[in-house]
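Please look through the structure below before reading on. The paragraphs that follow go from the overall make-up to single strands, links and turns.

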Amino acid sequence: MARRLLILLVLVPSFYTLDCQVGDVWVKNFIKFECYSNQRIRLGMRPIGCVPEDRLEGKVIAPGAEYRNEHFFFRCVREGDSLAYKIINCVDDNERVVEIGQFFTRVDGGRRVRVECEGNATEAKKTVVQWTSCTLPSGEKLSEGGIHLRYSKDSSSPQTAEIFSCKRDGPKVSLKCTGCVSSAGDQVVVSGYATVSGVQMQCRRFDDGCRLIKIDSKHMDCTLDGDSYPHDSVFNSSDGINLYYCKHGFLEKRGCFVNGEFVAVGDLTYTGKKPVFCGRERGLSTFGKYTGCTLKNGTVIRFKETVEEGPMMRRCLWTYTGKEINGTKLEAYACVDKESGRRIFAEKYLQKGALHTVLKCSRNADGTLELRQPSTEEFLQYANSALSYNLLLSEIARGGYGNVEWIERLSLDSAGCADRIPFCDQLKPICEFSFSKNLRKLKESLKNSSSATNEALQELEDYGLTSCDRKLESLVEVMCPHTCGTCLSREEVEKRISLIANTNRVKS
């Protein structure tokens, strides 16, 4: 019932919270609003147009009109009483339309340029990426990111082909051997393994290409506590705590078992209030007297839990001497952009639009983090880094919505007793078969009973005034006076609103 009450409160127009005067105009979320009044509406606000620049001085686009900038195509759309500023699609540099969810690729000399448009009507991103080419021994061109197979001339070989890729390494693009193809058709990356006709083989890179090399079985098995385990087997240590995987002769610890619970390497769990850590070394690590970190307000949070503190995020960690854990610390690990809610890790960058909007999450001398404008050197480093990965452009567009809100006339006469929301017919059962009406009948029945005490009747009265059902009924009566037949005076409405806002709970 409380959940239904909260949902209804969200849907109800906030007619007691409007803070404007008739004639006021403002812009919010790309929508221009005005404060107005007429014979039916005592005071209201309504959307009147869309503003692409999202500022009061910006150009206003009328409902139904369209707007186009260098990167995106927008439309101002009327949806009932609401107004929406929607992103329709992206525009490439040749003014061709690229629909959301689609991409466009063109060849420009020796480069391939791809324009991608992703997102939805309220937030979209246009990305432009370029590829260059590598030259194969035959003289043919291989686009960046593409692969080429060089087939073996020996049909009896366990390897049928070598895999060459046109790969980028920083600003340079070159042809590189990146794998082998076995006679069974398996593609094996360099340093990877494959079984060919029951024989373990490894793909290795040489100056002239890649080869599958046979691996002796003695280099494939693992040994633990005097026992030998074959490649690709999973097993426990003798104490049952550690879980291992044998991978081509190397022991890889996968996790620990704590009271029957599996804990991955690098993670921890709590046994009661005590933390236990599963590290890469054998066994488990304990934290001694430490159970977590204490916040400024005295609250204790567990290890690895995070908390938002102003403009940054902190994580509860521990300090380690190399032999034992000797303390705890709340380490700042990310900045919080309050406008978008996004989290940016330390020393990383946030790009909201074009490059001139780049921000950096920087660590101060005291260990705190702040989101700030990068220095000229930092900005150039970021820009060059973006270009080295072929990112030519990354633009973001946002849309917005605006709804009507109002304060209707409050009157005791039937002409002014109008419903304030459109779906009162669906809510009619709440006021027709109300909790309070049934409660009154119960109280009248109890008054005629000799076993009913004054204390019991008063407790029933108090419950009726504070229950969620009563609050829901009052809310419906205020919003649907015509449907419920409850044309209330201003004072009665204010009394009902006070009852709805009261969050005190009765004792059960």
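**From the whole chain to its details**

Of the contacts in the protein between residues at least 6 apart in sequence, 41% join residues at least 24 apart. The model is a predicted one. Its secondary structure consists of eight helices and 40 strands. The protein has 508 residues, and 38% of them are buried. Its accessible surface is about 30,300 Å², and carbon and sulfur atoms account for 49% of that area.

A useful strand to start with is β6. Nine of its ten residues are buried, so β6 is largely enclosed by the rest of the structure. A residue is called buried when its relative accessible area is under 20%. Which way do β5 and β6 run relative to each other, parallel or antiparallel? They run antiparallel, and eight bridges join them. One of the residue pairs is Glu 79 with Ser 82, the latter lying in β6. The two strands form a hairpin with two residues between them, and in this hairpin Gly 80 has a positive phi near 65°.

Strand β6 also pairs with β7, which covers residues 97-99; these two run antiparallel and are joined by three bridges. Here Val 91 has Val 97 of β7 as its bridge partner. This is again a hairpin, with five residues between β6 and β7. In its turn, Glu 95 has a positive phi of about 65°.

A further partner of β6 is β39, made up of residues 400-402. Three bridges join this antiparallel pair. Ala 84 is matched with Tyr 401 in β39.

Next come the disulfides. How many does the structure hold? There are ten, and three of them are described here. In one, Cys 50 and Cys 76 are joined, with their sulfur atoms 2.0 Å apart. The torsion about this S-S bond is about 75°, so the disulfide of Cys 50 and Cys 76 is right-handed. The link connects distant parts of the chain: Cys 50 belongs to strand β3 (residues 41-50) and Cys 76 to strand β5 (residues 72-79), with the two cysteines 26 residues apart. Are these cysteines buried or exposed? Cys 50 has a relative accessible area of 0% and is buried. Cys 76 has 1% and also counts as buried, because the limit for a buried residue is under 20%.

Another disulfide joins Cys 90 to Cys 117, with an S to S distance of 2.0 Å. Its torsion about the S-S bond is about 70°, so the link between Cys 90 and Cys 117 is right-handed. Cys 90 is in β6 (residues 82-91), the strand discussed above, and Cys 117 is in strand β9 (residues 111-119), so the disulfide ties together parts that are 27 residues apart in sequence. Both Cys 90 and Cys 117 are buried.

The last of the disulfides described here is formed by Cys 180 and Cys 203, whose sulfur atoms are 2.1 Å apart. With 75° about the S-S bond, the link of Cys 180 and Cys 203 is right-handed. Cys 180 lies in strand β15 (residues 172-182) and Cys 203 in strand β18 (residues 199-206), so parts of the chain 23 residues apart in sequence are tied together. Cys 180 and Cys 203 are both buried.

Some features can also be found at the surface. Val 25, Ile 48 and Leu 56 form a nonpolar patch there, and together they have about 210 Å² of accessible area. Val 25 is in strand β1, residues 25-28. Its relative accessibility is 37%, so Val 25 counts as partly exposed; that class lies between the buried limit of 20% and the exposed limit of 50%.

Finally, consider backbone angles. Most residues other than glycine have a negative phi. Asp 232 is not a glycine, yet its phi is positive, at about 70°. Asp 232 sits in the loop between β21 (227-229) and β22 (234-236). Asn 259 also has a positive phi, near 50°, and is a residue other than glycine. Where is Asn 259 found? The loop between β24 (250-258) and β25 (261-264) holds Asn 259. With a relative accessible area of 72%, Asn 259 is exposed, because exposed means over 50%.

Conventions. Residues are numbered from 1 along each chain as its sequence is written. This is a predicted model: local features need pLDDT of at least 70, side-chain atom pairs count only at pLDDT 80 or more; totals for chains, interfaces and linings use all residues. Side-chain values use heavy atoms; hydrogens and water are left out. Helices (H or I, at least four residues) and strands (E, at least two) are DSSP runs, numbered from the N terminus. Buried means under 20% relative accessible area, exposed over 50%, partly exposed in between (1.4 Å probe, protein chains only). Contact means heavy atoms within 4.5 Å. Accessible areas come from the Shrake-Rupley method with a 1.4 Å probe; for residues, only the protein chains shown count as cover. Patches are made of residues with over 30% relative accessible area and no salt bridge: like charges are joined within 9 Å, nonpolar side chains (Val, Leu, Ile, Met, Phe, Trp, Tyr) within 5 Å. A salt bridge is a side-chain nitrogen of Lys or Arg within 4 Å of a carboxyl oxygen of Asp or Glu. A disulfide is a pair of cysteine sulfur atoms within 2.5 Å. Two strands pair if DSSP finds at least two bridges between them.
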